[in-house]
Amino acid sequence: MTSGETEPGRRLEGKVALVTGAGSGIGQATALRFAAEGATVAVLDVRPELAALTTMMIEKEHEDHAMALSADVGRAVEIETAVDLAVAEFGRLDVVYNNAGNMGLGSVADTSEEDWDRTFGVHVKGTFLTSRAALEHLGRGASIINQGSVSALVGVQYLAAYSAAKGAVVALTRQMAVDLAPHGIRVNAICPGTVRTPLTEPMLRARGDGDVEAGIAATVPKYPLGRLGTPEDIGALAAFLASDDAAFMTGSIVTSDGGMTAQ
Ligand SMILES: NC(=O)c1ccc[n+]([C@@H]2O[C@H](COP(=O)([O-])OP(=O)(O)OC[C@H]3O[C@@H](n4cnc5c(N)ncnc54)[C@H](O)[C@@H]3O)[C@@H](O)[C@H]2O)c1
């Protein structure tokens with residue numbers, strides 16, 4: 001299918017999408033956007049109450065079928081079971097958004113071994129395990145989207161483990177794109193700039209000496225467009241990458257950062 005044949009705004013009609021970390025922030029906004037574009041959505045989060053909340057929001061706003069799943073993406077048995085449950089319910093899988101994430105603050109000097117392992121366990125191992133579990137169900141035209149960060153591309157203070165993990169996700173994205181291209185499966189990464197979510201509040205609070213709003217004010221000047229991102233900004237990009245409008249894109253590392261890394 002070429003992009004001209006897709007209906008604007010209903011680009012994911014007939015597709016089934018799995019969004020990890022979909023109970024909050026960017027994942028929640030993306031799950032809602034995918035549903036608005038016609039997808040059936042498997043809403044996965046390690047916190048079942050958050051997965052249930054997003055599922056209820058989808059059912060209320062779009063009257064579409066959605067399914068709440070609870071799993072830790074860093075544990076093979078849990079994520080494999082969740083993927084199997086989604087496919088058993090919906091019969092297929094077309095889009096995987098590896099979005100689940102955590103963030104610990106610290107330079108190399110003050111990052112603990114536990115924080116390092118926890119960060120890599122979710123971002124890197126989680127992306128690997130979720131993709132591996134999904135692969136047997138993905139066919140030609142499928143799209144995997146990995147969640148990177150601007151911190152994979154430029155240095156960001158006090159994010160040693162997080163930046164290194166996101167760098168690994170970006171490298172894994174290119175690697176997967178090459179391996180999976182012969183199977184017609186596209187793999188791209190999104191690198192968002194700062195978006196205010198529960199994930200970034202501690203970082204913004206630290207930047208603002210205890211005040212999140214002051215932290216935002218201190219961060220905005222790094223962004224040429226003059227604002228932070230929103231979860232919906234990233235959800236819109238994810239919907240494009242998930243759709244056939246991005247049919248010739250694979251291995252792309254796409255920033256959505258208000259120009260932050262253009263400077
Ligand atoms: N907010 C930003 O500024 C920003 C910028 C760049 C990249 N990112 C990335 O975007 C993604 C989403 O971040 P967000 O800001 O929406 O955060 P968030 O905290 O609002 O949402 C993250 C969700 O992931 C879930 N989660 C955490 N660990 C999990 C696990 N092991 N298994 C399954 N689910 C798990 C959490 O319960 C939460 O619901 C993350 O990968 C993050 O690193 C965020």
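## Close-up views of a ligand site and two loops

**View 1. Polar contacts to the ligand in this predicted model.** Starting at Ala71, a backbone N or O atom of this residue lies 3.4 Å from a nitrogen atom of the ligand. At Asn99, the backbone also takes part: one of its N or O atoms lies 2.8 Å from an oxygen atom of the ligand. Lys166 uses its side chain instead, with a polar atom 3.0 Å from an oxygen atom of the ligand. On its own, the ligand has 830 Å² of accessible area, and the protein covers 93% of that.

**View 2. The ligand in its pocket.** Which pocket holds the ligand? The ligand sits in the largest pocket. Helix 1 (25-36), helix 4 (113-135) and helix 5 (160-180) are the elements that each give two or more residues to the shell around the ligand.

**View 3. Who lines the shell?** Around the ligand there are 29 residues, and the closest are Ser24, Asp45, Tyr162, Val195 and Thr197. By residue type, the shell divides into twelve nonpolar, 13 polar and four charged residues. Both domains join in: domain 1 (3-193 + 231-257) and domain 2 (197-228) each supply at least three residues to the shell.

**View 4. Tyr158, a loop residue with a positive phi.** Here you can look at the loop between strand 5 (143-147) and helix 5, where Tyr158 lies. Its phi is positive, at about 65 degrees, although Tyr158 is not a glycine. Such a value deserves a label because most residues other than glycine have a negative phi.

**View 5. Asp209, another non-glycine residue with a positive phi.** For Asp209, phi is about 50 degrees. You will find Asp209 in the loop that runs between helix 6 (201-207) and helix 7 (212-219).

Notes: Residues are numbered from 1 along each chain as its sequence is written. This is a predicted model: local features need pLDDT of at least 70, side-chain atom pairs count only at pLDDT 80 or more; totals for chains, interfaces and linings use all residues. Side-chain values use heavy atoms; hydrogens and water are left out. A residue is near a molecule or strand if one of its heavy atoms lies within 4 Å of it. A polar contact is a pair of N or O atoms within 3.5 Å; within protein, one must be able to donate a hydrogen and the other to accept it, and residues adjacent in sequence count only if both atoms are side-chain atoms. Accessible areas come from the Shrake-Rupley method with a 1.4 Å probe; for residues, only the protein chains shown count as cover. On a 1 Å grid over the protein atoms alone, a cavity is a set of points where a 1.4 Å probe fits but cannot get out, and a pocket is an open set with protein on both sides within 12 Å along at least five of seven lines; lining residues have an atom within 4 Å of a point. A molecule sits in a cavity or pocket if more than half of its atoms lie within 2 Å of its grid points. Helices (H or I, at least four residues) and strands (E, at least two) are DSSP runs, numbered from the N terminus. Ala, Val, Leu, Ile, Met, Phe, Trp, Tyr, Cys and Pro count as nonpolar, Asp, Glu, Lys and Arg as charged, and the others, Gly among them, as polar. Domain bounds come from an automatic or database domain assignment.
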